[in-house]
Amino acid sequence: MKLLLAEDVTMLRAALISLLEFEEDLAVVADVERGDEIVAEAIRTRPDVAVIDIDLPGMDGLTAAADLHEKLPQCRTLILTSLGRPGTLRRALAAHVSGFILKDAPPASLVAAVRNVASGRRVIDPQLAMATWESPENPLSRRETEILRMAAEGADPSDIAAHLYLSLGTVRNYLTSIVMKLNARNRVDAIRIASEAGWIP
């Protein structure tokens, strides 16, 4: 079984490669440290499963997973992350990932997850699945989520307006709506609430 591994921490990536290749039926045919390298390497090496960290430079893992599903749908994706939040799992499912497990899971769980995903099963950490079932969905629209994500990255309203080709007044209206929808005290509080819920990357 051919695997692609995307992890930006060099030592962790090397450890994961060793762990996976210890299994006789698994072979890591490509490893990358950036999200924007995943699709090109997958097209070149044709892995059966891509094991992808969410927090990657260049492009986040969920965006890369969605892109990979579109360009190479036969490659199944397994998200390996420390971000065990219901909103993150919902975004992962929307990106058509096949599995979602946490980095603190036992090594045997990762190997089993890879095999299950490759065989067509969906693998989700059971505690996170239950938390997702019980948690509220993201009340923000796609545009509001995008604007709040940019604000969380440090962009001010004029920067956001220029980047999204919106008027400054429109961006301010969106930010006001976001604060109200999240019952936040202000923009900083809205960013905190959305980040903790996993609604923004």
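Student: Ala40 sits in helix H2. Why is Ala40 called exposed?

Tutor: This is a predicted model, and the answer comes from its computed values. The relative accessible area of Ala40 is 55%. The cut-off for exposed is over 50%. Ala40 passes that cut-off, so the word exposed applies.

Student: Ala42 is in helix H2, residues 38-45, as well. What makes Ala42 buried?

Tutor: Its relative accessible area is 0%. Buried means under 20%. Ala42 meets that, so it counts as buried.

Student: Which residues does Ala42 contact, leaving aside neighbours within four places in sequence?

Tutor: Leu4, Pro47, Leu68 and Leu72. Contact here requires heavy atoms within 4.5 Å.

Student: How far apart are Ala40 and Lys71 in sequence and in space?

Tutor: They are 31 residues apart in sequence. From C-alpha to C-alpha they are 9.6 Å apart. For Ala42 and Glu196 the values are 154 residues and 32 Å.

Student: On to the strands. Thr77 lies in strand E4. How do you know that Thr77 is buried?

Tutor: Thr77 has 2% relative accessibility. The limit for buried is under 20%, so Thr77 qualifies. Its contacts, not counting residues up to four places away in sequence, include Ala50 and Ile52. Leu68, His96 and Val117 are also among them.

Student: What makes E4 largely enclosed by the rest of the structure?

Tutor: Of its 6 residues, 5 are buried. That is why E4 is described as largely enclosed.

Student: How do you know that E3 and E4 pair?

Tutor: There are 5 bridges between them, in the parallel sense. Pairing needs at least two bridges, so these strands pass. Within this pairing, Asp53 stands opposite Leu80 in E4.

Student: And what joins E4, residues 76-81, to E5?

Tutor: 4 bridges do, and the two strands run parallel. Here Leu80 faces Ile101 in E5.

Student: What makes E5 and E6 count as a pair?

Tutor: They share 2 bridges, in the parallel sense. The rule asks for at least two, so they count as a pair. Gly99 stands opposite Val123 in E6. Phe100 is placed opposite Ile124 in E6.

Student: Which way do the residues of E5 point?

Tutor: Gly99 and Ile101 point one way, Phe100 and Leu102 the other. All of these are buried. In a regular strand, side chains alternate between the two faces of the sheet.

Student: What is the strand order of the open sheet?

Tutor: The order is E2-E1-E3-E4-E5-E6, with parallel pairing across 6 strands.

Student: Why are E2 and E6 said to stand at the edges?

Tutor: Each has a single partner strand. Therefore one side of each is left without a neighbour in the sheet.

Student: What handedness does the unit of E3, helix H3 and E4 have?

Tutor: That β-α-β unit is right-handed. With the strands pointing away from the viewer, a right-handed path runs clockwise from the first strand over the helix to the second. The unit built from E5, helix H5 and E6 is left-handed.

Student: Which strands does H5 lie across?

Tutor: E1, E3, E4, E5 and E6. H5 runs at about 155° to E4.

Student: Now the helix pairs. Helix H7 (residues 142-152) packs against helix H8 (residues 157-164). Why is H7 called oblique to H8?

Tutor: The packing angle is about 130°, and the axes are 10 Å apart. Roughly perpendicular covers 65 to 115 degrees, and roughly antiparallel starts over 145. The angle fits neither range, so H7 is oblique to H8. The contact includes Arg143, Ile147 and Met150 of H7. On the H8 side it is made by Ile160, His163 and Leu164. H7 passes H8 in a right-handed crossing.

Student: What makes H8 roughly perpendicular to H9?

Tutor: Their axes cross at roughly 115° and come within 8 Å. The range for roughly perpendicular is 65 to 115 degrees, so the label follows. Pro157, Ser158, Ile160 and Ala161 of H8 make the contact with Leu168, Val171, Arg172 and Leu175 of H9. The crossing of H8 past H9 is right-handed.

Technical notes. Residues numbered from 1 in each chain as written. Predicted model: local features only at pLDDT ≥ 70, side-chain atom pairs only at ≥ 80, totals over all residues. Heavy atoms only, no water. Buried < 20%, exposed > 50% of the residue type's maximum accessible area, 1.4 Å probe, protein only. Axes fitted to C-alpha atoms, helices over the stretch in contact; angles between N-to-C directions. Parallel < 35°, antiparallel > 145°, perpendicular 65-115°, else oblique. Left-handed = near helix turned anticlockwise from the far one by under 90°.
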